[in-house]
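Me: I am new to protein structures. Can you take me through one by question and answer?

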Amino acid sequence: RGYATMLESSGEQNDQQKNYARMITRGVDNMAKLVNNLFDLGRIDFGVGLQVESIPVLDNIELVTSSLQLQATQKKISLGVEIPKDLPDTVEAYQALLQQALYILVENALKYTPEGGTVTIHLQCAANSLTFAIQDSGIGIPKIDLPRLFEKFYRGTNREALSQRGTGLGLAIVKSIAERHGGKVWAESELGQGSTFFLQIPLVQPKESRQSQ
Ligand code: ADP
């Protein structure tokens, strides 16, 4: 990747050469993302170095939205959070994992929503669980794709979605994270209208996971 980047500053090049150098960089970036995603999946499944903590819900969301705000602004997408009155201050979770899951869902929502749309994170609480519902006004998902979305490497059949870069591993990671918390993830969507992804986790984790590692 380094040498491909340096090509640009190593003398005159025609457009085709510049394009080839860009394609090398992009290819390496895709491979790096794929490898990182696979490492993430392995780490989550084996539970390496994971520790349950009591996490301030809103701070956690703020971290995710602030790191994706630039992406939203660039696409003129309004990114918001809806907070219910009865929101608990904290939830027990693996901090880094919960953040990663939310990041993937919000990043997807931004990626699969055309310019000028909206992405909203709704928080829904029940007696024993907290649900993050990430709603977008984007391209939507064909009905036949919905049951398979959380499979590794599955990228769906929607041409508009396939034109975006991706590894097809993001939602598999979210599913592993949800399961590690004893929670679940699912999606509802209307093609051409938008999608909502739900991530539900229990408010409290079993004692063993708090003491482990
Ligand atoms: P990737 O985005 O890298 O392809 P994911 O596992 O995150 O992989 O998503 C799998 C597929 O689910 C995507 O390729 C896309 O077709 C579909 N998808 C995910 N999120 C959305 C969304 N918010 N709106 C529309 N389609 C989505």
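The turns below go from the overall fold to the sheet, then to the ligand and an aromatic pair.

Me: How many helices and strands does the protein have?
Reply: Keep in mind that this is a predicted model. From the N terminus on, the elements run α-α-β-α-β-β-α-β-β-α-α-β-β-α. The C-alpha trace spans about 65 × 40 × 30 Å along its principal axes. The secondary structure comes to seven helices and seven strands.

Me: In what order do the five strands of the open sheet stand?
Reply: Strands of a sheet pair through backbone hydrogen bonds, either parallel or antiparallel. In this open sheet the pairing is mixed. The five strands stand in the order 2-4-5-7-6.

Me: Which strands stand at the edges?
Reply: An edge strand here has a single partner strand, so one side of it is left without a neighbour in the sheet. From one strand to the next, the twist averages 15°. The edges are strand 2 (78–82) and strand 6 (184–190).

Me: Do strand 2 and strand 4 run parallel or antiparallel, and which residue stands opposite Ser78?
Reply: Five bridges join strand 2 to strand 4, and the two run parallel. Ser78 has its opposite number in strand 4. That residue is Thr118.

Me: In strand 5, what is the bridge partner of Leu123?
Reply: Strand 4 and strand 5 pair over seven bridges, in the antiparallel sense. A hairpin of three residues joins them. The partner of Leu123 in strand 5 is Phe132.

Me: In strand 7, what is the bridge partner of Gln135?
Reply: Strand 5 (residues 129–136) and strand 7 (residues 194–202) run antiparallel. Eight bridges join them. Gln135 has as its partner in strand 7 Thr196.

Me: At what angle does helix 3 run to strand 2?
Reply: Helix 3 covers residues 57–74. It lies across strand 2, strand 4 (118–125) and strand 5. Its angle to strand 2 is about 170°.

Me: And at what angle does helix 6 run to strand 6?
Reply: Helix 6 covers residues 170–180. It lies across strand 6 and strand 7. Its angle to strand 6 is about 140°.

Me: Which residues are closest to the ligand?
Reply: The ligand is surrounded by 19 residues. The closest are Asn108, Tyr112, Arg155, Thr167 and Leu171.

Me: Which residue has a polar side-chain atom 2.8 Å from a nitrogen atom of the ligand?
Reply: Start with the contacts to oxygen. A polar side-chain atom of Lys111 lies 3.1 Å from an oxygen atom of the ligand. Gly170 uses a backbone N or O atom, 3.3 Å from an oxygen atom of the ligand. The contact to nitrogen, at 2.8 Å, comes from Asp136.

Me: How much of the ligand's accessible area does the protein cover?
Reply: On its own, the ligand has 540 Å² of accessible area. The share that the protein covers is 97%.

Me: How do Phe150 and Phe197 pair, and how many residues apart in sequence are the parts they tie together?
Reply: The structure holds two aromatic pairs. Phe150 and Phe197 form an edge-to-face pair, with 6.2 Å centre to centre and 70° between the planes. Phe150 lies in the loop between strand 5 and helix 5 (159–162), and Phe197 in strand 7. So the pair ties together parts whose separation in sequence is 47 residues.

Key:
Residues are numbered from 1 along each chain as its sequence is written. This is a predicted model: local features need pLDDT of at least 70, side-chain atom pairs count only at pLDDT 80 or more; totals for chains, interfaces and linings use all residues. Side-chain values use heavy atoms; hydrogens and water are left out. Two strands pair if DSSP finds at least two bridges between them. Helices (H or I, at least four residues) and strands (E, at least two) are DSSP runs, numbered from the N terminus. Axes are lines fitted to C-alpha atoms, for helices over the stretch in contact, and angles run from 0 to 180 degrees between N-to-C directions. Contact means heavy atoms within 4.5 Å. A residue is near a molecule or strand if one of its heavy atoms lies within 4 Å of it. A polar contact is a pair of N or O atoms within 3.5 Å; within protein, one must be able to donate a hydrogen and the other to accept it, and residues adjacent in sequence count only if both atoms are side-chain atoms. Accessible areas come from the Shrake-Rupley method with a 1.4 Å probe; for residues, only the protein chains shown count as cover. Rings of Phe, Tyr and Trp (its six-membered ring) pair if their centres lie within 6.5 Å; planes under 30 degrees apart count as stacked, over 60 as edge-to-face and the rest as tilted.
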